[in-house]
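Here's a quick briefing to read alongside the structure. Take a look at the picture first, then come back for a walk through the main points.

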Amino acid sequence: MASINLSNIRKQYGSVTIIDDVSIAIEDREFVVLVGPSGCGKSTLLRMIAGLESISAGTIAIDGEVVNDIGPQRRDLAMVFQTYALYPHMTTAQNIGFPLKLRGASQDEIGRSVAEVANTLHLDALLDRQPRALSGGQRQRVAMGRAMVREPRAFLFDEPLSNLDAKLRHHMRIELRQLHKSLGATSIYVTHDQIEAMTMADRIVVMNRGKVEQVGTPLELFDKPANVFVAGFLGSPTINLGNATLGAGDGSATLEFHAGSGPIDLANVPPSAHKEVVAGVRPQHLEVVSPEGAKLTGTVDLVEHTGCETNVILSVGSEKWTVQSRARQHLTQGENVGLVFDPTNLHLFAADTKERIRW
Amino acid sequence: MTKAKKSLVCWALLSPFLLVVLFPYATMLSTSLKQKDEIFTFNRTWLPRELYLGNFAELLFEKGFGRALANSLAISIGATVLSLAVAIPAAYALTRMRVPAKGALTNYLLITQMISPIVLIVGLFRMFAYFGLVNSLLSVIIAHSAFFMAFAVWMLQSYFATIPKDLEEAAWIDGAGRFSAFVRVFLPLCLPGIVVTAIFTFVNSWNEYAMSLTLLRQVSQQTAPVQIAFLTGTLYQIEWHLIMAATLLASVPVAIVFASIQRYLIGGMALGGVK
Amino acid sequence: MPGIEKTAPRRAASAGRSSKLGLPGPAFALILIAPCLLLSVAVIGYPIFDVIRMSLFDVSRTGVVREFAGLANFAKAFADPVFLQAARQTVIWTVCVVGGTLLVSVPIALILNEDFYGRTIARTIVLLPWAISLAMTAVVWRYVVNGDFGTLNMTLAALGLPFENYPWLADARMAFLIEILIGILVSVPFTVTILLGGLTSIPESLYEASAIDGAASTKSFYYITLPLLWPFMQIALVLNVIYVFNSFPIIWIMTNGGPANRTDILITYVYKQAFAFGKLGNAAAGSMVMFAILLVFALVYLFLTKSQGARNDD
């Protein structure tokens, strides 16, 4: 197993910069998820680690050894592709055994290792089938098996679950996580799905436009997003954001939403000079109350019942906000309601830099 | 309209053309099974008097047509092997690698594919004459390869492009070198495409007339189509029964092979041609 | 040693540059393409050069290139009535064969695109002429239409028609017509293949949509099939012009350009000039004229495919 160090990685195609000065230190046995919207460079970064893309500047080191000029064959990493990339002309057993065969292992050895892996992944009954005779979930497992069989220094996953249906995806998420627990292998996992990122990662790297926005554990990122982008990217439904003015009150700060009707006392925030901010409250932290005397109000557009939860979609000024609650809400469209929240759950970002304001 | 009715209409509409297509085959078959006196007579019929196979025997054992078939076979196999040997790496590079001036290269190949060798036949003949290769099967093998290769590259390219790049990348990560991944993963997957291209090249080479006619000037080196045409021009009384037997021998096996790949040509080739 | 001193700093500098990965670069790609390119340039490029040279020089019967002759060879060719006649006949030949081919191929392709019993067999038969050497096709047809012993007259006579010994190839007009019909016959398979490819690329949902929109089947033919098939017809047209324009075996074997040069086209004229009369300069000039025309059509083809490729990318 191995640690992987990326320092000042850059990738350019002509004058277009795909990856811009990315540095990440991945520890041995860590499960790191690279997450971001499509086109953010996360897959390119993974492929650079794999050795499938050249590096324009910076260094990639595996266990302290710089591998920039080492081809994918000799990096001793394993990768699970989004398309699984199973060799269509080989059976399950041949697919899983292929890396060992390339390393000149004996038939016996290959047979034993394949059987072992197949047993772990419940593929025993499918060893003689070709990929086209397998279901999506089974193919996914074979791809995993091919990665596991030779105990590589690290696993790379390129959106491995995105071709599965929702139910299977959930199931495979748990299985992959358990597999990681038992193998303890360094893993780098690329996804655009924030739920996968939140549920699987030891640490998440949020990327946007070729840059790293924030690195941290899932809860760190959720509780203390470094900027508006991270706040907006993680969490479902999306965080509610509104422009507001931060002011000084009696021993603490006050917050007045541009769309609101008066300052709200923030007991936990020290008083500050007059400042333009973006304020964010997650839908789970908002509560619908009577509009009378409320400092923040909205008009109900739609009420969604998912069974357990109720999502109320409202217009707050020109913004669309969502309130999620476990209580069934009986609201009608067009109704005016007040909104309240616990100030400890408030996120504040500078209006100009979009960076988190800490206190 | 039921499918049965529709089928009847379709066949009826096609029948005039099908009749014209099949007429020469009927002629070949009927004539090659006849004896000489059945042809040069006034009371001719479609059906031969008996199933007479003597023409084939005479052709192969007395007229030396076997030699022509062997020449054709040698040239076609040679040209197929040579054109695929140069076309496969080129098509691989064009589909999988960054090639400088790729656009110019593909356009060049496309244009050469359209230049008929007959337009340059004088120059071709002089070039092979300079190297002393006239009357050598090698000259025709080289010439066929040069003119059929562009099409092979182009056909292979469209097959290669259907093989996901992921598979090779997976093989590299699994530890295969570039060449090993090509041989163990890429080649087996595009084998069908290579076979179709090979058959197409073979048939083209087998059927080619003008270059073989010009570059091989001795009877002993003639290919089957050249010798057949030659037989119609040299004898006092054209021995049609033998010639029809020869065309049958030289065309039916090739037609069968060709028919086996026709479904790959429709779609694949036409779409590739437009895109 | 100065060599070591020189290489050391270069290595250090390369760390800042793009990584190599041991992956082959553009140079290796060129190595893979080189054999193909070399073969093509040698076997196609050199004859082009040689033909251009011969067309501009005085060339002896044995092929010795003598002094520069400017456009004299071309002037001679254009002054040759046989050349002009062959040129005229080439236009007739090309227009008739290509036009006839399209006229025959479109309905055949439309029928073969329908779902009916035995379609695979029908397709195979239609494509059959493609599989056979043009030379052998010409030989067989020469026998079929043979006046005394041919199977055509035999069949017509059996049907009671007065063609007992009609010599089809003796009359130049009739001979040329027959050659044109055979030209059409052998061009149909390739054309049908292209058109069928086009037809199968039209999604069924378009017809369903137009049926729901209330279009009758004749209308959907005009508004859907024809416009979507048009690019394929253009391609088929240009490629057929290119192939038919210099098609050699049919005419060469059936009539050898005769009688009295009345079925000669440019390519048979050039071939005779070179290999029968030893007028290499004349032949080269004729070749050049043909080559130039061919190039124009090849460029038209490139333009057509490129503009359609661009449209498909949208």
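Keep in mind that this is a predicted model. A good place to start is where two of the chains meet: across the interface of chain C and chain B there are 13 residue pairs in polar contact, with both residues of each pair at pLDDT 80 or more. After that we'll turn to chain A, which is assigned two domains, domain 1 (4–233) and domain 2 (240–350).

**Where chain C meets chain B**

- On the chain C side, helix α2 (residues 26–56) gives the largest share of what touches chain B, namely 22 residues.
- Sorted by class, that side of chain C comes out as 76 nonpolar, 19 polar and 8 charged residues.
- In terms of contacts, 103 residues of chain C meet 98 residues of chain B.
- Together the two chains bury about 8800 Å², and carbon and sulfur atoms give 79% of that area.
- Which three residues supply more than any others of the area that chain C buries against chain B? They are C:M136, C:Y143 and C:M154, and their share is 8%.
- There are also 3 salt bridges between chain C and chain B.
- In a salt bridge between these chains, B:K3 pairs with C:D115, and their closest N and O atoms are 3.7 Å apart.

**The two domains of chain A**

- The centres of domain 1 and domain 2 of chain A, taken over C-alpha atoms, are separated by 39 Å.
- Where they touch, 8 residues of domain 1 of chain A contact 5 residues of domain 2 of chain A.
- The area buried between these two domains is about 560 Å², with 70% of it on carbon and sulfur atoms.
- Three residues, A:F222, A:V228 and A:A231, supply 71% of what domain 1 of chain A buries against domain 2 of chain A, which is more than any other three residues.
- How many salt bridges cross between the two domains of chain A? The count is 0, while 1 residue pair is in polar contact, with both residues at pLDDT 80 or more.
- Two helices of chain A, α7 (218–223) and α8 (228–233), each bring at least two residues to the side of domain 1 that touches domain 2.
- Of the elements on that side of domain 1 of chain A, α7(A) gives the most, with 3 residues.
- By class, the residues on that side of domain 1 of chain A split into 6 nonpolar, 1 polar and 1 charged.

**Strands in chain A**

- Four strands make an open sheet in chain A: 4 strands in the order β2-β1-β4-β5, with antiparallel pairing.
- Why do β2 (16–26) and β5 (65–66) of chain A have one side without a neighbour in the sheet? Both stand at the edges and have a single partner strand each, so one side of each stays unpaired in the sheet.
- Strand β4 (residues 57–62) of chain A is joined to β5(A) by 2 bridges, and the two run antiparallel.
- If you want to find that pairing, look for A:I62, whose bridge partner in β5(A) is A:E65.
- Elsewhere in chain A, strand β9 (residues 203–208) and strand β10 (residues 211–216) pair in the antiparallel sense over 5 bridges.
- In that pair, A:I204 is opposite A:G216 in β10(A).
- The hairpin of β9(A) and β10(A) has 2 residues between its strands, and A:R209 there takes a positive phi near 50°.

**Salt bridges and backbone details**

- Over all chains, the count comes to 23 salt bridges.
- One of them joins the side chains of A:E309 and A:R326, at 3.8 Å from N to O.
- A:E309 sits in the loop between β16 (297–305) and β17 (310–316) of chain A, and A:R326 in the loop between β18 (319–325) and β19 (336–341) of chain A, so this pair ties together parts that are 17 residues apart in sequence.
- From A:S236 to A:P237 the peptide bond is cis, with omega near -5°.
- A:P237 belongs to the loop between α8 and β11 (240–248) of chain A.
- A:E151 is not a glycine, yet its phi is positive, at about 50°.
- You'll find A:E151 in the loop between α4 (136–148) and β7 (154–158) of chain A.

Note on methods:
Residues are numbered from 1 along each chain as its sequence is written. Chains are lettered from A and ligands numbered from 1 in the order in which they are written. Side-chain values use heavy atoms; hydrogens and water are left out. Domain bounds come from an automatic or database domain assignment. Contact means heavy atoms within 4.5 Å. Buried area is the accessible area (1.4 Å probe) that two parts lose on being put together, summed over both. A salt bridge is a side-chain nitrogen of Lys or Arg within 4 Å of a carboxyl oxygen of Asp or Glu. A polar contact is a pair of N or O atoms within 3.5 Å; within protein, one must be able to donate a hydrogen and the other to accept it, and residues adjacent in sequence count only if both atoms are side-chain atoms. Ala, Val, Leu, Ile, Met, Phe, Trp, Tyr, Cys and Pro count as nonpolar, Asp, Glu, Lys and Arg as charged, and the others, Gly among them, as polar. Two strands pair if DSSP finds at least two bridges between them.
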